Amino acid sequence: FSISTYNKMWTDAQKDLDIQLRREREEFLQPEKDRVKVFKMLAASYIKYMQIFRSLETAHDQLVHWQKRTVIRQVLDGVIGRILEMKKEMVELENSEFHYIDNILEDLKLLPEDIEVPIPRYFVKEKLEVLQQREKTLDQILLNAGLQTEKHVKTMTFEEAIKTIQVAERARQGRHRAAFMKQIYLEEKRERQTKLQVQLGPNLDDAATCIQKVWRGYIQCKKTEKMREEEMIFLGMSLPPHLKAMSISQMHAGQINALEGEVRERHEEVFIKDKLRETEGLNIKETLQDQIGQCFIECRHIIGKFPDYPTEEAGGSMAILSQKTPEQVAAELAAKKEMALQKKAQKGKKEEGKEKMKGKKPQKTGKKVNLPSVKTVKEGWKMAPSNFLSIMEEGNSQYKAVWQNRDEGWDFLQDHDPELIKEEKREEVEEEIRVQVDELMQQKLENLKLAVDGEKSNKQKKGRKSEKVRATSLMSLVHRTIDSLYRELVEERLLIKAKTVNLSDYVGEYSYLGTTLRQVDIEPMPSLADVRQLIALYGILPLGSQTVHEKAPLVKALLLAGPAGVGKKMLVHAICTETGANLFNLSPSNITGKYPGKNGLQMMLHMVFKVAKQLQPSVVWIGDTEKIFSKAVPKAEEEMNAKRLEKILPKFLKALKAQDRVLLVGTTNRPFDANLKPFCKVYQKIILIPRPDYASRFGKYFNQVLWKHIILQNGGVITNLLNVSCLAKVSDGFTQGHIVQAVQAALSELRLLQMTRKPLRTAEFMTSLARQDPVYKEEEETFK
């Protein structure tokens, strides 16, 4: 039963999280001087959190019980944030974005696939309707502006149409005539054979020999095929049968999950809330009125006058109903008045001091201010304070209090628990009724003051004036709607449609020699799996979750640097696909001739970032970003005026806050042409994307990497006649783009039609591959 399976997965993940939190409280609070030991501790915790992350994400996606999913979601955000904090500590410890922990994985008996960063499916699922509506709006704007890229049907003349029909009809008649003649020939042959057999009579020995020959040949072919398959499996060059069956079952499971996604909608709790309001609303209202009235009488008895009713900002009747005596409330009010008087006096002294200092220059004393230094050398390394431990501990305690020992035998549907909904909704109903009671009791208090003390309050008039001032100020700020700005950006092609590409489509293998190379003081080139992991950590996870983005280490700008054809643009589109983000294109070639002048540039960026913040998450992409920071602009590119963004980009990044889920992504294939100081100041994180290594080009039987993936993607069929290992070896130095071009050139429409009777061979891909220029060693060293 699937529900029990995912409940157990959640339970196991919570147990592991409890152990991990206990371990953090014990180990990470103690200073440690040995950096190797520190890194091992961090890496082990990182791996453990990644396993918990994967289990919680699967349970959150598959469970139907939305109250459980709410609790899991809280813990899940905490775990994601803690992973990002661990990653930051590991980067600062090693001064490198890439870490090689294959020795730790070996000790823990884990595979590299176990630390692959999973992309939470709720990033897109929770706002699927909004994304679909936004996509329809974008398509409609592009269509109205004449920018929609549609495949137009090629028109032909009347004579060409007649000729095409004649050719097709003559070909059909020829095929029909050939089939008819073949049928006549076979019938005549069959008649001749039967006449001969009647004359000679049946020969049993010949019949038995024929049957034996066919049968023995068939059996031997089967044995040979089986031996070859076993040999290929033994050598690790083919997929075992049980894994093939698993892949088929996984495909079926994926289809079922897609159908379940439509059924697994959050149940509305409106009816329960309405029932609570009907049954308990009147009782709550009377109780609140009695309590507030009693507070009025007690204050009048002790202080000598009725208190002022607290404003909505101060909490309304919640401030009155706090667990404080009237004497404490009076003392607090007096203390607040004294503090206000002191602040006014201090402000007056400061203003007098400023007036005296006018016209005087500050004297230089020559003394240096000694800032407190970080005692990491003497005391040793210590873990930085976390913003997510409290979130995880709160979720863990909630799980223990509510769900750990809960009897769910009665809940067959596993959709929701009405009692828990009542507890949640009771607070909402009380808050709504409290607002109504505040209005009544405020009027009652004014009547009491007027009747007993003869006082009048002027609060309402002041409130009305302030509301009018606010309204007029807001009206003056808002000039244009987001829809109009969105439309203009789409029409100017500054807001473009992202291609549907998942991060898993960026295939590449893990580097298994990283630790070995570092032990002999050789810095290894990062693998494509490492790049994929960094894109998930720095790009996708923070953009997908508001809580994670606000509290995790903030990454505002990301640079993807690598040779042409390694998939930089694909990764930009993958970030948008996995998070449902808008994609803004501010590449120098795209903004040429648009919004000229300094004021035009400021207006363009203001529009982009206003829409990006309003419709977050958003990705602002700058292709060929080195041209903005280039040392000298070539004469051919003077018209593009790419450098006009150089001074304004840092200001834009400074304006981005932690609550703004906007990421600046730059791509470049010549980062060494840029002026490095302002270049590295803008881009906080720089990810080097190298050409694929042999493991990524060939792969193993678990992953069909690059050559296999691209051939299958373009409609090809891989047989034993195609030596993928040879292709992977020959394509050393070529990028993914080169391989895609070679495969597409070989697999034409005609070649795909011949696939069934003419299988693919290795030599077919060599010609188009040999015509392209690879990434030479000098260029790779320059990138490194």
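Tyr595 sits in the loop between strand 3 and helix 22, and in this predicted model the residue has a positive phi of about 50° although it is not a glycine. Most residues other than glycine have a negative phi, and most peptide bonds are trans. With a relative accessibility of 11%, Tyr595 counts as buried, because buried means under 20%.

Two further places in the chain can be read against that general background. Asp624, in the loop between strand 4 and helix 23 (648-655), also takes a positive phi of about 50° while not being a glycine. Asp624 has a relative accessible area of 31%, which makes this residue partly exposed. The other place concerns a peptide bond: Gln616 and Pro617 are joined by a cis peptide bond, with omega at about 5°, and Pro617 belongs to the loop between helix 22 and strand 4.

**The chain as a whole**

How many helices and strands does the chain contain? Its secondary structure comes to 31 helices and eight strands. Of the 784 residues in the chain, 37% are buried. Among the contacts in the chain that have a separation of 6 or more, 83% are accounted for by residues 24 or more positions apart.

**Helix 21 and its surroundings**

Helix 21 covers residues 568-579, and its length can be checked by a short piece of reasoning: at 1.5 Å a residue, its twelve residues should span 16 Å, and the end C-alpha atoms are 17 Å apart, so the two values agree. Is this helix mostly covered or mostly open? Helix 21 is mostly covered, since ten of its twelve residues are buried. Among these buried residues are Lys568, His573 and Glu578, together with Leu571, Val572 and Ile575. The elements that cover the buried residues include helix 5 (122-125) and helix 19 (528-544), and also strand 2 (557-561), strand 3 (582-585), strand 4 (618-623) and strand 5 (662-668). Just after helix 21 comes Gly580, which takes a positive phi of about 70°.

**Two pairs of crossing helices**

Helix 19, one of the elements covering helix 21, also meets helix 3 (residues 66-94), and the axes of helix 3 and helix 19 come within 11 Å and cross at roughly 140°. Helix 3 and helix 19 are therefore oblique to each other, as the angle is neither over 145 degrees nor in the range from 65 to 115. On the side of helix 3, the contact is made by Ile80, Ile83, Leu84, Lys87 and Val91, and on the side of helix 19 by Leu534, Leu537, Tyr538, Leu541 and Pro542. An α-helix has 3.6 residues a turn, so residues three or four places apart point the same way.

The second pair is formed by helix 17 (residues 482-491) and helix 22 (residues 597-614), whose axes come within 10 Å and cross at roughly 120°. That angle makes helix 17 oblique to helix 22. Helix 17 contributes Ile482, Leu485, Tyr486, Glu488 and Leu489 to the contact, while helix 22 contributes Met607, Val608, Lys610, Val611 and Gln614.

The table sets out the handedness of each crossing and the kinds of residues in each contact.

| Helix pair | Crossing | Nonpolar residues | Polar residues | Charged residues |
|---|---|---|---|---|
| helix 3 and helix 19 | left-handed | nine | no polar | one |
| helix 17 and helix 22 | left-handed | seven | one | two |

**Two residues in other helices**

Gln20 and Ile297 show how a residue within a helix may be described by its accessibility. Is Gln20, which is found in helix 1 (residues 2-27), buried or exposed? Gln20 counts as buried, because its relative accessibility is 4%. When residues up to four places away in sequence are not counted, Gln20 touches Ser45, Lys48, Tyr49 and Ile52.

Ile297, by contrast, lies in helix 10 (residues 270-303) and is exposed, with a relative accessible area of 54%, which is over the cut-off of 50%. Ile297 and Pro307 are ten residues apart along the chain, and their C-alpha atoms are separated by 9.6 Å.

Key. Residues are numbered from 1 along each chain as its sequence is written. This is a predicted model: local features need pLDDT of at least 70, side-chain atom pairs count only at pLDDT 80 or more; totals for chains, interfaces and linings use all residues. Side-chain values use heavy atoms; hydrogens and water are left out. Helices (H or I, at least four residues) and strands (E, at least two) are DSSP runs, numbered from the N terminus. The expected span of a helix is 1.5 Å times one less than its number of residues. Buried means under 20% relative accessible area, exposed over 50%, partly exposed in between (1.4 Å probe, protein chains only). Contact means heavy atoms within 4.5 Å. Axes are lines fitted to C-alpha atoms, for helices over the stretch in contact, and angles run from 0 to 180 degrees between N-to-C directions. Angles under 35 degrees count as roughly parallel, over 145 as roughly antiparallel, 65 to 115 as roughly perpendicular and the rest as oblique. A crossing is left-handed if the near helix is turned anticlockwise from the far one by less than a right angle, and right-handed if clockwise. Ala, Val, Leu, Ile, Met, Phe, Trp, Tyr, Cys and Pro count as nonpolar, Asp, Glu, Lys and Arg as charged, and the others, Gly among them, as polar.
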